[in-house]
Structure formats: C-alpha cells, structure tokens
Amino acid sequence: MDISIKEIMDCIVNPVKSQIILSIQKKGECTAKDLLSSQNDIPQATLYRTLNRLVDSGILKIVAENKVRAVTEKVYALNESFLNVNQSIIEQNDGEAYFKLFTNFIIVLMKEFQNYAEKPSINIVKDVSGFSAVPIYATGEEMLEIGNKFKEIIAPYQTRNTSVKEQNMRILATIITPPNDKYM
C-alpha cells in the first residue's frame with residue numbers, strides 16, 4: 001500500500017498520532033491496552049479512532065489478533081512502507097519526490113505557525129516559540145555525528161512526563177540543506 005505524503009506529514013505534526021507511532025516504534029508491537037497504559041493522556045475513544053485511521057492509511061498494520069475473553073485484541077506494528085518512505089526516496093535518488101516531501105513538510109509547519117499567529121492573544125516569548133538558521137561547515141560524516149548527538153539530546157523529551165502539568169507538545173523541526181557550492 002502506498003502511503004501519501006500528506007498522511008506522513010500528518011503523523012509528524014498530529015500529537016496523538018505521533019505519540020502512538022513513537023510508542024509502537026519503541027516497543028515494536030503493542031495492543032491498544034498497552035498504548036492506553038503508556039499514553040494515559042489520550043482518551044480511549046480518541047486512541048481507538050486514531051488507531052483505525054492509522055491502519056486505514058497504511059501507517060500501521062495489524063500483526064496479530066488475540067482472543068481475550070469475549071474480545072479480540074489487535075496487535076499493531078508500524079508498516080514497513082511507512083518506515084521505508086524516506087529510505088525509498090533516498091535509494092531511488094528521486095529529487096522530485098524528495099522536493100514534494102519537503103514542500104509538504106514546510107506547508108505543515110507554516111499551518112502550525114498560522115494557527116498560532118491567528119490566536120487572539122499570543123505571547124511569543126512566554127510560549128518559547130521561534131525559528132533560526134545557522135550556517136555551519138561540516139563533512140557528511142560530521143553531519144551524521146551532529147544528527148546522532150541531536151537525537152540523544154531530544155530523546156528524553158519525546159515522551160510526555162504526565163507529572164509535569166506545564167509540559168506542552170511542541171514540534172521541533174530540523175532542516176539540513178544540501179551543500180552550497182557558491183560559498184566555497
């Protein structure tokens with residue numbers, strides 16, 4: 001099943017979908033009951049509705065169905081095609097698909113900022129919102145090292161700490177541009 005770029009972007013920015021996907025990615029496979037216990041801030045009805053949508057879109061697949069008393073419990077896993085979308089674009093070196101994915105990424109981020117900016121009262125400083133671009137000089141190997149360090153830094157913040165009420169879901173987006181030869 002081909003997964004649309006729109007569906008992929010929606011998973012990145014939708015807090016419920018991203019929480020579910022991250023949980024399943026960590027565990028490999030899990031049931032709705034497993035997800036409810038680890039994602040206790042997601043209402044049960046919302047979780048089941050979102051799981052159904054993720055299965056319908058091809059993001060998740062049902063890998064088993066276990067009979068528990070009178071109920072059939074589904075076991076979910078990430079669909080390989082979802083996991084391999086970026087890898088497929090890279091392997092095919094498909095510039096058009098890569099640009100389309102990037103364009104959708106930017107559009108989704110712009111929509112998030114638009115929704116925020118259109119609120120009647122915002123506080124940019126208090127809300128700790130912002131964006132920046134910093135030129136760096138690095139080899140491909142150094143860029144991979146930076147990426148791995150970045151993953152280590154943000155890993156503890158990818159799961160909500162329910163004991164901290166002030167903790168809000170945010171989107172931290174990164175863009176690494178291709179090398180620019182005109183500054184060499």
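## Lys74 and its surroundings

Lys74 is partly exposed, with 31% of its area accessible in relative terms. This is a predicted model, so everything here is read off computed coordinates. Lys74 belongs to strand β3. Set aside the neighbours within four places in sequence, and Lys74 still has contacts with Cys30, Thr31, Ala32, Ile62, Ala64 and Glu65.

Cys30 is worth a second look in that list. Lys74 and Cys30 are 44 residues apart along the chain, yet 8.3 Å is what separates their C-alpha atoms.

## The nonpolar core

Now to the inside. The largest nonpolar core has 18 residues, and the members that touch the most others are Ile20, Ile24, Leu51 and Leu60. Two or more residues of this core come from each of α1 (5-13), α2 (15-27), α3 (32-38), α4 (44-57) and β3 (71-78). Strand β3, then, is on that list of contributors, and β3 is also the strand that carries Lys74.

Take Leu60 as a way in. Beyond its neighbours within four places in sequence, Leu60 makes contact with Ile20, Ile24 and Leu51, and also with Leu54, Val55, Tyr76, Ala77, Leu78 and Asn79. Ile20, Ile24 and Leu51 are the residues named alongside Leu60 as touching the most other core members.

## Salt bridges

How many salt bridges does the structure hold? There are 2. One of them joins Lys61 to Glu80, with 2.5 Å between the closest N and O atoms. Lys61 sits in strand β2 (residues 60-68) and Glu80 in helix α5 (residues 80-83), so this bridge ties together parts of the chain that are 19 residues apart in sequence. Both ends count as partly exposed: Lys61 has a relative accessibility of 25%, while Glu80 comes in at 42%.

The side chains of Lys149 and Glu145 make another salt bridge, at 3.1 Å from N to O. Here both partners are in helix α8 (residues 140-154), 4 residues apart, or about one turn of the helix. Lys149 is partly exposed at 47% relative accessibility, and Glu145 is partly exposed too, at 43%.

## Helix α7 and an aromatic pair

Does the length of α7 fit or clash with what a helix of 23 residues should span? At 1.5 Å a residue, the expected span is 33 Å, and the C-alpha atoms at its ends are 32 Å apart, so the two agree. Along this helix, the buried residues include Ala97, Leu101, Phe105, Val108, Leu109 and Tyr116.

Phe113 also sits in α7, and it brings in the aromatic side of things. The count for the structure is 1 aromatic pair. Phe113 and Phe131 make up that pair in an edge-to-face arrangement, with 5.7 Å from centre to centre and 75° between the planes. Phe113 is in helix α7 (residues 95-117) and Phe131 is in the loop between α7 and α8, so the pair links distant parts of the chain, 18 residues apart. Phe113 is partly exposed, at 37% relative accessible area, whereas Phe131 is exposed, at 74%.

## Two loop residues with positive phi

Which residue in the loop between α7 and α8 has a positive phi? Val128 does, with a phi of about 50°, although it is not a glycine. The loop between α7 and α8 is where Val128 lies, and that is also the loop that holds Phe131. Val128 counts as exposed, with 61% relative accessibility.

Arg69 has a positive phi as well, near 55°, and again this is a residue other than glycine. You'll find Arg69 in the loop between β2 and β3. Its relative accessible area is 81%, so Arg69 is exposed.

## Back to α8

One more stop, on the helix with the Lys149 and Glu145 bridge. Asn148 is in helix α8, and at 45% relative accessibility it counts as partly exposed. Compare its position with that of Asn52: the two are 96 residues apart in sequence, and their C-alpha atoms lie 33 Å apart in space.

How values were computed. Residues numbered from 1 in each chain as written. Predicted model: local features only at pLDDT ≥ 70, side-chain atom pairs only at ≥ 80, totals over all residues. Heavy atoms only, no water. Salt bridge = Lys/Arg side-chain N within 4 Å of Asp/Glu carboxyl O. Buried < 20%, exposed > 50% of the residue type's maximum accessible area, 1.4 Å probe, protein only. Core = buried A, V, L, I, M, F, W, Y, C linked by side-chain atoms within 4.5 Å. Contact = heavy atoms within 4.5 Å. Phe/Tyr/Trp six-rings, centres within 6.5 Å; stacked < 30°, edge-to-face > 60°. Expected span 1.5 Å × (residues − 1).
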